[in-house]
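The following exercises train the reading of a protein model together with its sequence. Please attempt each task before studying its solution.

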Protein chains: 2
Amino acid sequence: MRDRPLALTKPAARRTALAVDVVVLSPRSDTLAVLLSRAGGAARERWSLPWDTPRPGEGLEDAAARVATTVLGVTPVFFEQIGALADARRHPGDADVSIGIAALVPSDVHGGTRDAEWFPLDDLPALPPRHRTVVDRAASVVRQRVDQSPLAFRLLPSTFTLSHLQSVYELLLGRRLHKASFRRALQASYLVEPTDEWRGEGRGRPAQLFRYAPRKRRGVRRGVRFDLFMD
Amino acid sequence: MRDRPLALTKPAARRTALAVDVVVLSPRSDTLAVLLSRAGGAARERWSLPWDTPRPGEGLEDAAARVATTVLGVTPVFFEQIGALADARRHPGDADVSIGIAALVPSDVHGGTRDAEWFPLDDLPALPPRHRTVVDRAASVVRQRVDQSPLAFRLLPSTFTLSHLQSVYELLLGRRLHKASFRRALQASYLVEPTDEWRGEGRGRPAQLFRYAPRKRRGVRRGVRFDLFMD
DNA sequence: GACTTTGGTGACGAATTGTTACTAATTCGC
DNA sequence: GCGAATTAGTAACAATTCGTCACCAAAGTC
């Protein structure tokens with residue numbers, strides 16, 4: 001094997017059935033929800049992730065945007081790659097390779113078509129096995145990236161209260177956070193700026209509205225963390 | 001558009017030229033090095049990443065392993081997905097979509113064939129544009145994941161000194177770390193265990209050898225960090 | 001045996017983080 | 001009107017983590 005010439009296959013020789021599977025995520029009624037589309041006649045499961053094959057020359061995020069727009073009626077504002085999957089699990093279109101992409105939709109966007117419905121992330125109907133894996137990986141990627149990528153801000157309207165922001169972080173991380181710590185860390189991060197609007201939700205003191213406005217900040221070079229995820 | 005029926009394309013209708021581009025990484029002479037393979041006759045650049053089209057039914061990491069084994073003569077021990085790329089940049093095999101995979105090779109593995117050579121990551125020859133992007137993304141993914149994934153341990157022999165481990169972390173992060181802090185954090189992480197062997201490198205006191213042996217540890221639930229990367 | 005080099009650790013002050021407790025501004029019930 | 005309830009926002013203290021310095025240990029070199 002070592003001395004076999006490097007006659008790598010010409011790409012024209014093999015072509016692959018490729019799918020972009022889109023995990024459209026949004027906070028709906030206090031849970032993180034996924035948009036599923038109703039499957040057609042012969043399908044084994046009644047629901048699946050929206051997906052399609054990318055068109056020639058189309059970028060992957062563009063394909064994801066197109067797919068999401070079709071089922072949602074609106075174009076999501078942010079996309080994050082989940083990873084590629086080529087295992088033996090069944091895909092609704094028998095794609096050899098799936099590329100999973102998370103599409104984030106702010107909580108105030110009220111899209112949805114007749115053939116698509118929101119389901120809580122932790123209470124999904126039966127899905128084609130490959131899609132089940134894609135969703136699971138999406139959830140885990142999203143959880144791991146909350147503090148490296150502005151995911152939480154993309155799940156909120158353009159202005160929001162700090163309590164709302166905190167509750168989205170809690171949704172994504174799956175645990176409660178302390179108010180004072182959360183705000184102190186946010187303050188230090190220079191990621192939001194206050195607007196001069198306030199919103200009263202009914203009960204309680206009105207909250208100031210903030211917007212996502214990341215600013216340059218001096219390099220925070222912390223030491224190594226050894227935060228290996230072992231589950 | 002909203003009311004267009006969800007006639008998603010049948011996968012058989014469109015097939016894609018897919019490439020798995022492999023970034024084989026290993027510490028070589030105090031830098032992080034990439035294994036490049038010599039390009040054939042008509043290619044514009046003399047070097048490229050090793051790559052191939054996955055075979056039917058073959059997993060992506062399996063394809064990466066096969067490609068890496070071909071150019072290295074040995075099979076890498078660890079793979080990490082970099083992401084999928086479908087931009088307009090030129091690929092040596094004109095693939096529509098590239099899936100980048102990092103393959104990690106310990107520093108004591110002396111593979112390499114006549115048609116492949118190690119290059120320092122920060123001093124690479126001209127590469128096909130798509131491959132240039134894949135390498136850049138690999139570097140950035142690796143840097144971002146050092147403390148979530150046992151990358152550093154896969155770049156070392158099965159037993160190693162803590163100084164070696166630290167120097168790999170420094171290579172990956174691109175900056176110096178403090179010895180005492182590094183060891184304290186490592187201690188707290190329960191990721192390594194000492195062997196009863198010691199190694200003298202010539203000068204200086206011999207160092208104890210450790211092996212990677214992650215153990216369960218009580219949940220360290222830190223608060224949110226807001227470590228957004230903005231560059 | 002003194003000097004150099006690399007390994008390894010204790011300890012202290014600084015910085016960060018978890019927590020408690022308080023003040024502020026609003027609605028609700030009476 | 002007015003106290004209770006509810007949500008927002010913050011100061012301040014305690015606990016923990018982190019960066020750094022200082023030192024000791026064990027080898028080779030001269």
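The exercises below concern a predicted model, and each is followed by a worked solution.

**Exercise 1. A sheet and its helix**

Determine the order of the strands in the open sheet of chain A that contains β8, β9 and β10, and state which are the edge strands.

*Solution.*

Step 1. Strands of a sheet pair through backbone hydrogen bonds, either parallel or antiparallel. In this open sheet of three strands, the order is β8-β10-β9 (chain A), and the pairing is antiparallel.

Step 2. An edge strand pairs on one side only, and this applies to β8 (159-161) and β9 (192-199) of chain A.

Step 3. Between β8(A) and β10 (residues 207-212) of chain A there are three bridges. Within this pairing, Phe160(A) has Phe210(A) in β10(A) as its bridge partner.

Step 4. From one strand to the next, the twist averages 40°. Helix α4 (residues 162-173) of chain A lies across β8, β9 and β10 of chain A, and its direction makes an angle of about 85° with β8(A).

**Exercise 2. The nonpolar cores**

Identify the residues that touch the most other members of the largest nonpolar core, and describe the surroundings of Ile99(A).

*Solution.*

Step 1. The largest nonpolar core has 46 residues; those touching the most other members are Val22(A), Leu60(A), Ile99(A), Val22(B), Leu60(B) and Ile99(B).

Step 2. In chain A, β1 (18-28), α1 (60-72), β5 (78-85) and β6 (97-104) each supply at least two residues of this core, as do β1 (18-28), α1 (60-72), β5 (78-85) and β6 (97-104) of chain B.

Step 3. Neighbours within four places in sequence are set aside for Ile99(A). Its contacts then include Leu18(A), Val20(A) and Leu60(A) in chain A, and Ala84(B) and Val97(B) in chain B.

Step 4. Another core, of 44 residues, lies apart from this one; among its members are Val34(B), Phe78(B), Leu121(B) and Leu151(B).

**Exercise 3. The surroundings of DNA strand C**

Establish how many residues surround DNA strand C and which parts of the strand the side chains of His178(A), Lys179(B) and Arg183(B) approach.

*Solution.*

Step 1. DNA strand C is surrounded by 23 residues, and the closest are Ser181(A), Arg184(A), Gly202(A), Lys179(B) and Gln208(B).

Step 2. Sugar or phosphate accounts for 54% of the atoms of DNA strand C within 4 Å of the protein, and bases account for the rest.

Step 3. A side-chain N or O atom of His178(A) is 2.9 Å from a phosphate oxygen; for Arg183(B), the corresponding distance to a phosphate oxygen is 3.2 Å. A polar side-chain atom of Lys179(B) lies 2.5 Å from a base nitrogen.

Conventions:
Residues numbered from 1 in each chain as written. Chains lettered and ligands numbered in written order. Predicted model: local features only at pLDDT ≥ 70, side-chain atom pairs only at ≥ 80, totals over all residues. Heavy atoms only, no water. Pairing = 2+ DSSP bridges. Helix = DSSP H or I, 4+ residues; strand = E, 2+ residues; numbered from the N terminus. Axes fitted to C-alpha atoms, helices over the stretch in contact; angles between N-to-C directions. Contact = heavy atoms within 4.5 Å. Core = buried A, V, L, I, M, F, W, Y, C linked by side-chain atoms within 4.5 Å. Buried < 20%, exposed > 50% of the residue type's maximum accessible area, 1.4 Å probe, protein only. Near = heavy atom within 4 Å. Polar contact = N/O pair within 3.5 Å; in protein donor to acceptor, adjacent residues only side chain to side chain.
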